[in-house]
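I opened a new page for this one and wrote down what I looked up, in the order I looked.

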Amino acid sequence: MELSMAAEELKTAVNRLRRAQGQIAGVIKMIEEGRDCEDVVTQLAAASRALDRAGFAIIATGLQHCLTDTDMAASEDREQMRARLEKLFLSLA
């Protein structure tokens with residue numbers, strides 16, 4: 001199963017990934033500056049949530065494509081497709 005999607009469909013995910021990238025850079029800077037542990041962990045949690053949400057958005061978009069792609073339904077057994085999608089979701093859990 002390929003998750004080939006148009007850039008417009010992934011715009012939200014890309015924005016979340018950019019936000020996470022900035023948050024991670026901020027976390028690194030905070031650690032280097034010796035900032036308070038609670039502040040560092042708070043920022044790290046925010047970056048983690050942004051990454052999770054981006055991953056879920058990508059998987060959801062891919063799922064939508066899988067369900068609407070008749071070639072996919074014809075070429076891949078539904079149970080096999082379900083198992084692969086489940087594995088993707090669980091990889092983010």
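Before the helix labels make sense, I need this: helices are DSSP runs of H or I with at least four residues, numbered from the N terminus. One more thing to keep in mind is that this is a predicted model.

**Entry: overall layout.** I went through the elements and found four helices and zero strands. Read from the N terminus, the order is α-α-α-α. Of the 93 residues, 23% count as buried. I also checked contacts with a separation of 6 or more, and 72% of them come from residues 24 or more positions apart.

**Entry: confidence.** The mean pLDDT of the protein is 80, with 77% of residues at 70 or more. Helix α1 has the highest mean of the elements, 92. Helix α3, residues 70-75, has the lowest, 55.

**Entry: the surface.** About 6,600 Å² is exposed, and carbon and sulfur atoms supply 54% of that. Which residues form a nonpolar patch on the surface? I noted Leu17, Ile24, Ile28 and Leu51, with about 310 Å² of accessible area together. Helix α1, residues 11-32, gives the largest share of the patch, three residues. Leu51 sits in helix α2, which covers residues 37-68. I looked up its exposure too: Leu51 has a relative accessible area of 38%, so it is partly exposed, since that class lies between 20% and 50%.

**Entry: Gln23.** Next I picked a residue in helix α1, Gln23. Is Gln23 buried or exposed? Gln23 counts as buried because its relative accessible area is 16%, under the 20% cut-off. Leaving aside neighbours within four places in sequence, Gln23 is in contact with Gln43, Ala46, Ala47 and Ala50. I followed one of these partners further: the side chain of Gln23 reaches the backbone nitrogen of Ala47 at 3.4 Å.

**Entry: Phe89.** My last stop was helix α4, residues 78-91, where Phe89 has its place. With a relative accessible area of 32%, Phe89 falls between 20% and 50% and is therefore partly exposed. Which residues does Phe89 contact, leaving aside its neighbours within four places in sequence? I wrote down Phe56 and Ile59. I also checked Phe89 against Gly55: the two are 34 residues apart along the chain, and their C-alpha atoms are separated by 8.7 Å.

Notes:
Residues numbered from 1 in each chain as written. Heavy atoms only, no water. Helix = DSSP H or I, 4+ residues; strand = E, 2+ residues; numbered from the N terminus. Buried < 20%, exposed > 50% of the residue type's maximum accessible area, 1.4 Å probe, protein only. Contact = heavy atoms within 4.5 Å. Areas by Shrake-Rupley, 256 points an atom, 1.4 Å probe, with all protein chains shown as cover. Patch = residues over 30% accessible without salt bridge, like charges linked within 9 Å, V, L, I, M, F, W, Y side chains within 5 Å. Salt bridge = Lys/Arg side-chain N within 4 Å of Asp/Glu carboxyl O. Polar contact = N/O pair within 3.5 Å; in protein donor to acceptor, adjacent residues only side chain to side chain. pLDDT = per-residue confidence, 0-100.
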